[in-house]
Amino acid sequence: MEGDSAKANLSLGKRGTRGVPNQFYRNAPWRHLHKRQLEKQPLCEHCLQKKILTVATVGNHIKPIRFGGEPLDENNVMSLCKSCHARKSAIERHMTHWTG
Ligand SMILES: [Zn+2]
């Protein structure tokens, strides 16, 4: 088997949201978009698909930034409750590429 070349990004192995500066989530443009999203859709969209009504508390990128999602496109943001957000994030952490 070839392709055993060590990747050069070992030293960049920060914990948390890979490739997305935490600073982004503290910036005004994201906070405004986040607030607008929760005003527009105050219910968790994942729970809604299962016909469960849950208050959303988190605005989440549908396509994560690290997979090339638009950070500030309101069409790339959905409302999630805390548990759906945790589950979505956990799944995305194990993804190596975005399958949509
Ligand atoms: Zn939910």
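Helix α1 is hardly covered in this predicted model: among its 13 residues, the count of buried ones is one. The length of α1 can be checked with a little arithmetic. At 1.5 Å a residue, a helix of 13 residues should span 18 Å, and the end C-alpha atoms of α1 are indeed 18 Å apart, so the expected and modelled values agree.

Two residues of α1 help to fill in this picture. Pro29 is placed in helix α1. Because 10 other C-beta atoms lie within 10 Å of its own, and a residue with 12 or fewer is called exposed, Pro29 belongs to the exposed group. Even so, Pro29 has a partner from elsewhere in the chain: Leu72 is 43 residues away along the sequence, yet the C-alpha atoms of the two are separated by 7.3 Å. Glu39 also sits in helix α1, which covers residues 28–40. With 9 C-beta neighbours inside 10 Å, Glu39 counts as exposed. Glu39 and Ser79 are 40 residues apart in sequence, while in space their C-alpha atoms are 9.5 Å apart.

Following the chain onward leads to the loop between α1 and α2, where Pro42 is found. Pro42 has 11 other C-beta atoms within 10 Å and is therefore exposed. Which residues does Pro42 touch, not counting those up to four places away in sequence? They are Val55, Ala56 and Ser79. Another pairing involves Met78, which lies 36 residues from Pro42 along the chain, with a C-alpha separation of 9.9 Å. Ser79 thus appears twice in this account, as a residue touched by Pro42 and as the partner of Glu39 at 9.5 Å.

The next loop, between α2 (45–49) and β1 (58–61), holds Lys51. The backbone of Lys51 deserves a second look: its phi is near 60°, a positive value in a residue other than glycine. Is Lys51 buried or exposed? It counts as exposed, because 6 C-beta neighbours are found inside 10 Å.

Further along, helix α3 spans residues 82–93 and includes Ala86. Ala86 has 12 other C-beta atoms within 10 Å, and since 12 or fewer is the condition for being exposed, Ala86 is exposed. Val58 is 28 residues from Ala86 in sequence, and the distance between their C-alpha atoms is 10.0 Å.

These local views fit into the layout of the whole chain. The secondary structure comes to three helices and two strands, and from the N terminus on, the elements run α-α-β-β-α. How much of the chain is buried? Of its 100 residues, 12% are buried. Contacts between distant parts of the sequence are also well represented: among contacts with a separation of 6 or more, 56% join residues 24 or more positions apart.

Finally, how confident is the predictor? The mean pLDDT of the chain is 85, and 79% of the residues reach 70 or more. Residues 1–15 have a pLDDT below 50, and beyond near neighbours in sequence this stretch has zero contacts in the model.

Key:
Residues are numbered from 1 along each chain as its sequence is written. This is a predicted model: local features need pLDDT of at least 70, side-chain atom pairs count only at pLDDT 80 or more; totals for chains, interfaces and linings use all residues. Helices (H or I, at least four residues) and strands (E, at least two) are DSSP runs, numbered from the N terminus. A residue is buried if 20 or more other C-beta atoms lie within 10 Å of its own, exposed if 12 or fewer, and partly exposed in between; C-beta atoms are placed from the backbone. pLDDT is the predictor's confidence in each residue, from 0 to 100. Two residues are in contact if their C-beta atoms, placed from the backbone, lie within 7 Å. The expected span of a helix is 1.5 Å times one less than its number of residues.
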